[in-house]
Amino acid sequence: MSDDKLLVVKDLTTTFATAGGDLTAVANVSFDLERNETLGIVGESGSGKTVLSRTIMGLQPRLNTTVTGSSIIDGFEVVGASEDEKRTIWGTEVAMVFQDPMTSLNPVMRIGKQIDEALRVRLGMNRKDAKARAIELLELVGIPSPVERYNTYPGQLSGGMRQRVVIAIALACSPKLLMADEPTTGLDVTIQAQILNLLDELKERLKMSVILVTHDLGVVATRTSRIVVMYAGRIVETGTTRDVFYHHRMPYTRALLESSPKVSNKSHTRLVTIPGRPPNLLNLSDGCSFAPRCKFATDQCHLVRPELQPSIEPGHSFACWNPLPINSEAVLP
Amino acid sequence: MSNFSSLEEAAVLVEKPEKSEPLGLFFWICVGWVGLNVFGAIFANVLPLQSPLTESFNAINAGPSLHHLLGTDDLGRDIFSRVVYGSRVSITVGIGAILIGYGIGAPLGMLAAYRRGRFDAILTAVMYLLLAFPAIIATIAVLSFWTPRSLLKIIIVIGIASIPLVYRVIRTATLNVATKDYVVAAKVQGATDRRILMKELLPNIFPIALSFFLIGVATIIVLEGALAFLGLSVNPPTPSWGNMINEARTVLSQNIWLALFPSLALCLFLIGLNFIGDRIRAHFDVTEVKL
């Protein structure tokens with residue numbers, strides 16, 4: 001049945017050779033993605049979510065990087081493919097929306113031209129058709145008066161507008177998978193919701209799948225069908241969005257949820273934080289990476305790393321020796 | 001489709017284009033001056049100038065006069081004419097040599113910064129090794145033995161000496177751009193390396209390249225002047241700013257003009273070039289803040 005899935009990631013591991021030794025940024029990650037599904041990848045800074053999203057599409061740095069395992073996008077094995085081979089799926093099968101719209105547009109090229117490029121080079125459109133299509137795309141992502149905007153430079157647009165342009169560029173060759181790496185982190189809060197709604201809307205209209213990488217649980221709560229929670233380069237819990245929010249078993253997931261501000265809290269309530277800091281990926285212990293910060297940790301946690309094990313709900317699994325009880329009280333942001 | 005309640009509301013979000021730093025009047029004065037020099041160098045033999053080689057024993061070491069605007073030298077040759085003709089050598093060497101430097105150094109620098117890896121490591125090590133060796137000593141050594149000296153040989157030697165300098169500047173500028181998200185964005189849209197180099201990297205390093213080009217010309221003119229002063233540039237009687245200053249050295253007590261005017265010409269030309277280069281860099285400086 002795996003032919004049906006748009007993306008199958010299996011045992012994906014990314015290792016960087018650094019001066020301090022080998023650094024495993026992503027370790028044995030496996031998951032898959034249906035067509036027209038939105039998946040959230042959640043984790044704090046340095047949990048490997050960005051490296052994971054880039055490795056999935058084969059965009060890891062060329063130098064000192066080893067990737068093992070497999071990442072199959074619509075039947076195309078990305079791991080081990082040459083740049084030339086990957087170029088055939090970049091843009092048409094998988095595209096990317098970047099975190100910071102300030103740096104993801106070429107400052108010296110008119111935005112219309114930046115959309116045109118892909119259309120002309122990849123789809124072989126002529127100048128006139130490409131321009132018409134580019135204007136169509138600008139309209140699709142909700143840019144007012146797209147005909148005039150076609151000729152503006154990125155510096156003349158606001159952050160939200162620029163992120164819309166970035167999305168338009170990503171959509172140019174109608175990719176089946178859109179990778180959105182913290183697409184709203186660089187934006188004002190008021191614009192964030194607009195961009196997320198836009199992504200949602202486009203996903204439905206264009207029948208594509210979206211991977212939403214974020215550290216913000218609020219972002220993924222209503223927009224994803226499934227969530228992958230990452231810690232220190234590994235998946236620590238995965239399941240449907242509902243299961244992860246209401247039936248999570250991994251203390252880290254609970255800690256993440258608890259550290260989101262809640263409307264129901266009285267004002268001036270101190271925000272709950274996770275004590276300690278993310279582990280140094282250069283010298284990880286053999287045990288659970290979260291153990292040093294976990295209030296439920298036992299000796300076993302420090303010595304042996306727990307593997308992902310299924311919970312009672314289908315598709316819900318977690319990696320923990322001392323999981324939270326099945327019907328533990330839900331904490332919601 | 002749009003999430004805005006009205007177009008007016010959306011239009012507010014479109015900021016006015018940021019004003020870049022104005023170039024200023026002095027910039028245009030410098031452009032005019034440098035342009036005038038280049039014009040003089042190109043059209044020296046068409047312009048109504050006296051011959052730079054005609055000796056006149058009636059006016060030796062004469063001061064400025066109507067007949068000889070800047071006076072004459074110790075052989076009675078017109079200094080004004082010699083300064084104009086002298087600019088030919090200086091400017092030709094300056095532009096010719098930097099073109100060689102850019103022709104080889106710039107593509108290598110861009111490639112190295114974009115590809116990284118072993119290619120970059122080895123090339124950069126070699127270039128830094130060359131940089132560590134003083135260019136002036138190298139050029140003096142080569143030009144002393146590579147005789148007879150001609151303009152072309154001087155251009156080639158200085159040009160080769162400038163390659164590591166150009167390489168370093170272009171590589172650094174490219175490194176800065178190559179890590180930007182829009183380069184990655186172009187890549188995941190399926191752009192080829194060639195396309196990324198030409199369309200994403202080149203336009204973004206162009207202001208720095210242009211600015212360093214002008215400053216490079218200035219630096220090389222000084223180097224040529226130094227070589228000419230040592231008698232290692234074009235052979236007399238062909239004038240160049242450097243060898244005129246050298247000739248003036250022996251008659252400094254009788255004729256201050258012979259030393260003054262070529263030095264002044266050299267100095268003003270260099271100030272002009274440097275200022276233009278600097279203003280261009282500042283004008284096109286696309287900083288994050290402005291974005």
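**Helix packing, an open sheet and a domain contact**

Start in chain B of this predicted model. Helix α3 (residues 79–115) of chain B packs against helix α10 (residues 256–283) of chain B at an angle of about 35°, and their axes are 10 Å apart. The crossing of α3(B) and α10(B) is right-handed. From α3(B) come Ile79(B), Val83(B), Gly86(B) and Ser87(B); they meet Trp257(B), Leu258(B), Phe261(B), Pro262(B) and Ala265(B) of α10(B). Seven of the residues in this contact are nonpolar, two are polar and none is charged.

Now turn to chain A. Eight of its strands form an open, mixed sheet, ordered β6-β7-β8-β3-β9-β10-β12-β11. The edges are β6 (94–97) and β11 (309–310) of chain A, each paired on one side only. At the β11(A) edge, the partner is β12 (residues 317–318) of chain A; the two strands are antiparallel and share two bridges. Pro310(A) has Ser317(A) in β12(A) as its bridge partner. Towards the other edge, helix α6 (residues 159–171) of chain A lies across β6 and β7 (177–181) of chain A. This helix runs at about 175° to β6(A).

Chain A is also assigned two domains: domain 1 (2–224) and domain 2 (230–318). Their C-alpha centres lie 27 Å apart. The contact between them takes 24 residues from domain 1 of chain A and 15 residues from domain 2 of chain A. On the domain 1 side, β2 (21–33), β3 (38–42), α1 (49–56) and α8 (217–221) of chain A each supply at least two residues. β2(A) gives the largest share, nine residues. That side of domain 1 of chain A divides into 12 nonpolar, 10 polar and two charged residues.

Terms used. Residues numbered from 1 in each chain as written. Chains lettered and ligands numbered in written order. Predicted model: local features only at pLDDT ≥ 70, side-chain atom pairs only at ≥ 80, totals over all residues. Pairing = 2+ DSSP bridges. Helix = DSSP H or I, 4+ residues; strand = E, 2+ residues; numbered from the N terminus. Contact = placed C-beta atoms within 7 Å. Axes fitted to C-alpha atoms, helices over the stretch in contact; angles between N-to-C directions. Left-handed = near helix turned anticlockwise from the far one by under 90°. Nonpolar A, V, L, I, M, F, W, Y, C, P; charged D, E, K, R; others polar. Domains from an automatic or database assignment.
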